[in-house]
Amino acid sequence: MSKLYPGATGNWEAVIGLEVHAQVISESKLFSGSATAFGAEPNTQVSFVCSAQPGMLPVINQECVRQAVRTGLAMGCQINLRSVFDRKNYFYADLPQGYQISQFKDPIVGEGIVNIELEDGSNKDIGVERLHLEQDAGKSMHDQHPTMTYVDLNRSGVALMEIVSKPEMSTPEEAAEYFKKIRSLVRYAGTCDGNMDQGSMRADVNVSVRRPGEELGTRTETKNVNSIRYVMQVVESEIRRQIDVIEDGGRINQETRLFEVATGTTRTMRSKEEAHDYRYFPDPDLLPLEFSQQFVDDLAKDMPELSDAKKKRFISDLHITPYNAGVLVAEKESADYFEALLSATVEKSEKPTSELGSLVSNWVTGDLFGALNKLGIGITSSPVSISHAAELLSLQIDGTISGRIAKEVFENMLESGKSPEIIVEEKGLKQVSDTGEIEAMIDEILANNVDKVEEYRGGKSKLFGFFVGQVMQKTQGKANPQVVNQLLKPKLDD
Amino acid sequence: MSVDKETVAKIANLARIEVSDNELENTMGELNNILDWVEQLSEVNTDGIEAMTSVVAADLPLREDKITDGGYREEVIKNAPLAEHGFFAVPKVIE
């Protein structure tokens, strides 16, 4: 049952599809040997092939082929053992060939399904129509000169995967979750870095509205949307705009629109007189791309664990709460940090993995993420190294320090970058577990608070906490709370 | 299959080739001659025959993912009508 949008004349439903463009992680370009690294000086990563000099011929990069297949496998898609490259013809200043080499009729990857989780805890399958390989275009800069556009061809010819969904989403949230899921899959699979600021990942958002259950309406396509939040804004504003246009007696034009960040809405691109007519045809410079099932099977064998499987394993094997598991797997770096920390902590504390999962996950999602949020930095720039964090948790696990002191030590680690063992040593924060020492303290406290002891014995059992607090105060929080409880109880109940 | 003058004008525009009005008639005739000639192929029954992609039995050659090219900006922009600060400079295009 899809969500309904009320209009002045009744309810509407939205139909949303996404085309995600994901830049392939590779050293060199799809059809030329020039480099792909982001941020180089203009036109320094350009060969005669990617600048389309006469007579140059494309030779395909096998790593890009592998990356496309891996991505297809990550989405559970059918892999096509034979695919064909076509020319998509159009003229633009940053497209030196006058055509983009793409795949039109026979893409390398066919249908699949990705599962998204929505905020209310429900799940939904979204169909993937296809994934094809194509060349990226160069970059035009319109704001560097009053009358000229500057063109940098460094990006020209870098491999892109275009991942086309089926029109099976019906809310902004579903579109956002789908986009997030694709990003997560390519990042886990190591096929695209998912970096939207650098343009490594962007989406074309297709939206149409219709009366519930009726035929599909005319869709619009909003190009190059480069954040998850923007995808939601595009969907929201297009649904609203289209309903208003139709209810006012207008018609939706099938057109390409642009997203305006400032207003959070879309506007029509000045449409050219000619409608797009790409005149696709098979590229005569390239034979069909063919590989064996064995090639696919070998890649499948080497696939890393993806987020859904990881989440399941965290919950079942490590006894982590589903919420924490979800937070940890959302970003690959978080999951990597957690797993590295867990194994470092296991090694240091010599406790079994299954016992530590919960503690370590709570610390990462609570203490560490809290601190990183405050500092406004990501986990990859965490000031606390894995080995220091493992040391801290081990000190807590073996009872050297209490949970409360551990928080204090952590604060100190963030500021000083020192190892927790050194901090504990320097500040004398070791937990007091010596029963003799604690017992002596308890005796002294009971002797000094005879009235409270009487009240407790008279039935005011809440006072137990008061006595614990006294011991903690005396030891500046360093007394082992379990030992305190064990010793205090029999003495009070005497 | 044949093309009319309007189609010829459209194709010329898409290909960014200037064909003046008085050339249109002639170009249309030439194109239709070519189409007629190619049309002979339809006399052959090709049901169930796979499209031929190459006249030689060859596989698509694959390259290793190595940086082997690029890094010669001056040569790449040498023939550009205008280049500034290492960029190609073209009349302003904004969609």
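Biologist: How many residues of chain B are in contact with chain A, and how many of chain A take part?

Modeller: In this predicted model, 40 residues of chain B are in contact with 51 residues of chain A.

Biologist: How is the size of such an interface expressed as an area?

Modeller: The size of an interface is often given as the accessible area that is lost when the parts come together. Here chain B and chain A bury about 4100 Å² between them, and 59% of that area lies on carbon and sulfur atoms.

Biologist: Which polar and charged links should I look for between the two chains, and how many are there?

Modeller: Between chain B and chain A there are 24 residue pairs in polar contact, counted where both residues have pLDDT 80 or more, and the count of salt bridges is 1. That salt bridge brings together the side chains of Asp277(A) and Lys10(B), with 3.2 Å from N to O.

Biologist: Which elements of chain B give two or more residues to the side that touches chain A, and which gives the most?

Modeller: The elements of chain B that do so are α1 (5-14), β1 (62-63), α3 (73-77) and β3 (87-91), and β3(B), with 5 residues, gives the most. By residue class, the side of chain B that touches chain A divides into 18 nonpolar, 8 polar and 14 charged residues.

Biologist: Which strand of chain A is joined to β1(B), and do the two run parallel or antiparallel?

Modeller: Strand β3 (residues 60-61) of chain A is joined to β1(B) by 2 bridges, and the two strands run parallel. Within this pairing, Asn61(A) stands opposite Arg63(B) of β1(B).

Notes:
Residues numbered from 1 in each chain as written. Chains lettered and ligands numbered in written order. Predicted model: local features only at pLDDT ≥ 70, side-chain atom pairs only at ≥ 80, totals over all residues. Heavy atoms only, no water. Contact = heavy atoms within 4.5 Å. Buried area = accessible area lost by both parts, 1.4 Å probe. Salt bridge = Lys/Arg side-chain N within 4 Å of Asp/Glu carboxyl O. Polar contact = N/O pair within 3.5 Å; in protein donor to acceptor, adjacent residues only side chain to side chain. Helix = DSSP H or I, 4+ residues; strand = E, 2+ residues; numbered from the N terminus. Nonpolar A, V, L, I, M, F, W, Y, C, P; charged D, E, K, R; others polar. Pairing = 2+ DSSP bridges.
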